[in-house]
Amino acid sequence: MASLRRLRHGGLVLDQALVLWFPGPASYTGEDSAELHLHGGPAVVAAVADALVALGARPAEPGEFTRRAFLHGKLDLTAAEGVADLIEAETEAQRRQALRQLEGGLEGRYQGWAGRLARLLARQETFIEFEDEDLPEGLDAAVAGDAATLRDELAAEIAGAARAEALREGLRIAILGAPNAGKSSLLNALAGREAAIVSPQAGTTRDVVEARAVIAGVPVVLADTAGLRETADAIEAEGVRRARAQGQSAELVLAVFAADAAPDAETLALLEAGALAVVNKADLAAPALAGIAVSARTGAGLPVLRAALEAAVRARAGLSDVAGLTRPRHRAALADTIAALDTLPHAGLPELRAEALRAAMRALGRLTGAVGVEAILDLVFSEFCIGK
């Protein structure tokens, strides 16, 4: 119910506000809730907040409303995380991914995995409890086979989890190459601003210079680095060490060569490791190396490079309509589930196999914060014609 009301406290009118009343459980938290839609001036908000505290209310803790929604069964843990991701979304792709998770996309996938585990455990428990009854042949072996299939599916899910995490957290793109290859000029051209100092003097860049950008709807950090070479200068040597570290940690590496210089061995090695070859200064000489020819100074070839970057970013980020694992916590829950299922073939007794399946269910339950024990009992007594 919504109504327009004057808010008064201590004999003073604080604001004329829209007051909404949400009787539980039809509210965000599942509890009786009220919202005050105020005029947005800081003085109005502060006066109303002070009045509420004086009347016995307290400010909410970080995430408290969403925590209450979880405790009252309005959201699962993955949906709650989707709320946080939606608030922090910087790009359209991040918004879509967070909304899929908030609307239960990941919970739905979990329910599918959990349902299959529950049926496996129900069959195993049935084999134990009703061994003398008329049970389907090969029930024990079928459980092991189906568990192995599920285990492989979860392993494939973990293998692809890095893409969804990359979309949520953003990608790092390291720009590496020899001194004077034009890395800083390339960073400025891609970022659209003068983020790095450009100089014809070799060794100008000695630390990592970062610039944020959005490529294919994915937030990225472009990192300009010191030129790769052996040097006796202690400060430059530290910059080279940091450059190499950037190359190892980045999701994508641009190996930048100068068209008017012979390719150096260390930058060529980057290509063997899967880096994207960029031949800069193509306005000065014909490229002697295969790669994307650009001129950061004139802008020639930059549209081709941007298109290649978009394709590479899409391949590394979770740009799909399927909700994926977006956090290390999700991967850890699935990894523990797989570890429990891996013990199944080595469990000699049916009771030990059942315990392995229970451990897998507990681990998987951490994904959403719930383990459906009652569902297992229902399956035990509904799927099999026992006790007729």
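Residues 24 or more positions apart account for 59% of the contacts in this chain that have a separation of 6 or more, where contact means heavy atoms within 4.5 Å. Before I go on, please keep in mind that this is a predicted model, in which local features need pLDDT of at least 70 and side-chain atom pairs count only at pLDDT 80 or more, while totals for chains, interfaces and linings use all residues. Residues are numbered from 1 along each chain as its sequence is written, and side-chain values use heavy atoms, with hydrogens and water left out.

The chain has 14 helices and nine strands; these are DSSP runs numbered from the N terminus, the helices being H or I with at least four residues and the strands E with at least two. Of its 388 residues, 41% count as buried, meaning under 20% relative accessible area with a 1.4 Å probe and protein chains only.

Let me start with the sheet that begins at strand β1. This is an open sheet of three strands in the order β1-β2-β3, with antiparallel pairing, and two strands are said to pair if DSSP finds at least two bridges between them. Because β1 and β3 stand at the edges, each with a single partner strand, one side of each is left without a neighbour in the sheet. Neighbouring strands here are turned by 40° against each other on average, direction ignored, with axes taken as lines fitted to C-alpha atoms, for helices over the stretch in contact, and angles running from 0 to 180 degrees between N-to-C directions.

Looking at the pairs in turn, β1 (residues 2–9) and β2 (residues 12–22) are joined over eight bridges, with Arg-5 opposite Ala-17 and Ser-3 bridged to Val-19. Two residues lie between these strands in their hairpin, where Gly-10 takes a positive phi near 60°. On the other pairing, β2 and β3 (residues 33–37) share five bridges, and Leu-20 stands opposite Glu-35. Across β1, β2 and β3 lies helix α1 (residues 42–54), running at about 70° to β2.

Now to the interior. The largest nonpolar core has 30 residues, of which Ile-173, Leu-186, Leu-254, Leu-305 and Leu-309 touch the most other members; such a core is a set of buried Ala, Val, Leu, Ile, Met, Phe, Trp, Tyr and Cys residues joined through side-chain atoms within 4.5 Å. Among the elements that give two or more residues to this core are β4 (171–177), α8 (183–191), β7 (252–258) and α11 (302–316). Leaving aside neighbours within four places in sequence, Leu-254 is in contact with residues including Ile-173, Leu-186, Val-278 and Leu-309. A second, separate core of 28 residues includes Leu-121, Leu-341, Ala-354 and Ala-360.

Finally, where is Thr-337 placed? Its place is in helix α12 (residues 328–342), and Thr-337 is buried, with a relative accessible area of 0%. Beyond its neighbours within four places in sequence, Thr-337 is in contact with Leu-117, Leu-154, Ala-360, Ala-363 and Leu-364.

Terms used. Buried means under 20% relative accessible area, exposed over 50%, partly exposed in between (1.4 Å probe, protein chains only).
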